[in-house]
Amino acid sequence: MKKYSIKLRYNTECNDNRLYWRVLIDGKEHLAESVNFTIPVTTTCDFLKDKGLTKHHISCESDNLVWEGDVLTVN
């Protein structure tokens, strides 16, 4: 099975008081209300050249992602 690279960070542009999390799955952004991890995670940071910013993440790799509406569980 394919392992996905997952990076989670707070959505500072949350205007709906619901989708608090930016979830980057293999670099593609998704928004989530809640994210549950059942596997070990680490912290990482990336420098975004185009924005001139450093972003910090909770990160892991997994081949088991389960979406239930806007809630993601990473197993």
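Below are legends for a handful of close-ups of this predicted model.

**Close-up 1. The five-stranded sheet, laid out strand by strand.** Here five strands line up as E3-E2-E1-E6-E5, giving an open sheet with antiparallel pairing. At the edges sit strand E3 (28–32) and strand E5 (42–48), and each of these pairs on one side only. Direction ignored, neighbouring strands in this sheet are turned by 35° against each other on average. Zoom in on E2 and E3 and you get five bridges in the antiparallel sense. One pair to pick out is arginine 22 with its bridge partner in E3, leucine 31.

**Close-up 2. The three-stranded sheet and its hairpin.** The order in this open sheet is E4-E8-E7, and the pairing is mixed. E4 and E7 are the edge strands with a single partner each, so one side of each has no neighbour in the sheet. From one strand to the next, the twist averages 15°. What makes the pairing mixed? Strand E4 (residues 34–37) pairs with E8 in the parallel sense over four bridges, while strand E7 (residues 65–68) runs antiparallel to E8, also joined by four bridges. On the E4 side, serine 34 has valine 71 of E8 as its bridge partner, and phenylalanine 37 stands opposite valine 74 in E8. On the E7 side, valine 66 stands opposite threonine 73 in E8. The hairpin of E7 and E8 has two residues between the strands, and there glycine 69 takes a positive phi near 65°.

**Close-up 3. The largest nonpolar core.** Nine residues make up this core: Ile6, Leu8, Val23, Ile25, Ala32, Val35, Cys60, Leu72 and Val74. Strand E1 (4–10), strand E2 (21–25) and strand E8 (71–74) each put in at least two of them. As background, nonpolar side chains tend to be buried together in soluble globular proteins. If you want one core member to follow around, try alanine 32. Skipping neighbours within four places in sequence, alanine 32 is in contact with Arg18, Leu19, Tyr20, Trp21, Val23, Trp67 and Asp70.

**Close-up 4. Lysine 7 and aspartate 46, a link between E1 and E5.** The structure holds six salt bridges, and this view shows the one where the side chains of aspartate 46 and lysine 7 meet at 2.6 Å, N to O. Aspartate 46 is in strand E5 and lysine 7 in strand E1, so the pair ties together parts 39 residues apart in sequence. Buried or exposed, or something in between? Lysine 7 is partly exposed, with a relative accessible area of 23%, and aspartate 46 is partly exposed too, at 24%. Leaving out its neighbours within four places in sequence, lysine 7 is in contact with Arg22, Val23, Leu24, Asp46, His57, Ile58 and Ser59. For a sense of scale, lysine 7 and tyrosine 20 are 13 residues apart in sequence and 14 Å apart in space, C-alpha to C-alpha.

**Close-up 5. Histidine 57, tucked into strand E6.** Histidine 57 belongs to strand E6 (residues 53–62). Why does histidine 57 count as buried? Because its relative accessibility is 3%, and buried means under 20%. Its side chain still has a polar partner: a contact of 2.9 Å joins histidine 57 to the side chain of arginine 9. Beyond its neighbours within four places in sequence, the contacts of histidine 57 include Lys7, Leu8 and Arg9, along with Leu24. Others are a run from Thr42 through Thr43, Thr44 and Cys45 to Asp46.

**Close-up 6. A salt-bridge network centred on arginine 22.** Glu13, Arg22 and Glu29 are linked in a network of salt bridges. How far apart are the closest N and O atoms of glutamate 13 and arginine 22 in their salt bridge? They are 3.3 Å apart. For arginine 22 and glutamate 29, the closest N and O atoms are 2.7 Å apart. The three residues cover the full range of accessibility: arginine 22 counts as buried at 12%, glutamate 29 is partly exposed at 37%, and glutamate 13 counts as exposed at 56%. In general, side chains of opposite charge can pair when their charged atoms come close.

Key
Residues are numbered from 1 along each chain as its sequence is written. This is a predicted model: local features need pLDDT of at least 70, side-chain atom pairs count only at pLDDT 80 or more; totals for chains, interfaces and linings use all residues. Side-chain values use heavy atoms; hydrogens and water are left out. A nonpolar core is a set of buried Ala, Val, Leu, Ile, Met, Phe, Trp, Tyr and Cys residues joined through side-chain atoms within 4.5 Å. Buried means under 20% relative accessible area, exposed over 50%, partly exposed in between (1.4 Å probe, protein chains only). Contact means heavy atoms within 4.5 Å. Two strands pair if DSSP finds at least two bridges between them. Axes are lines fitted to C-alpha atoms, for helices over the stretch in contact, and angles run from 0 to 180 degrees between N-to-C directions. A polar contact is a pair of N or O atoms within 3.5 Å; within protein, one must be able to donate a hydrogen and the other to accept it, and residues adjacent in sequence count only if both atoms are side-chain atoms. A salt bridge is a side-chain nitrogen of Lys or Arg within 4 Å of a carboxyl oxygen of Asp or Glu.
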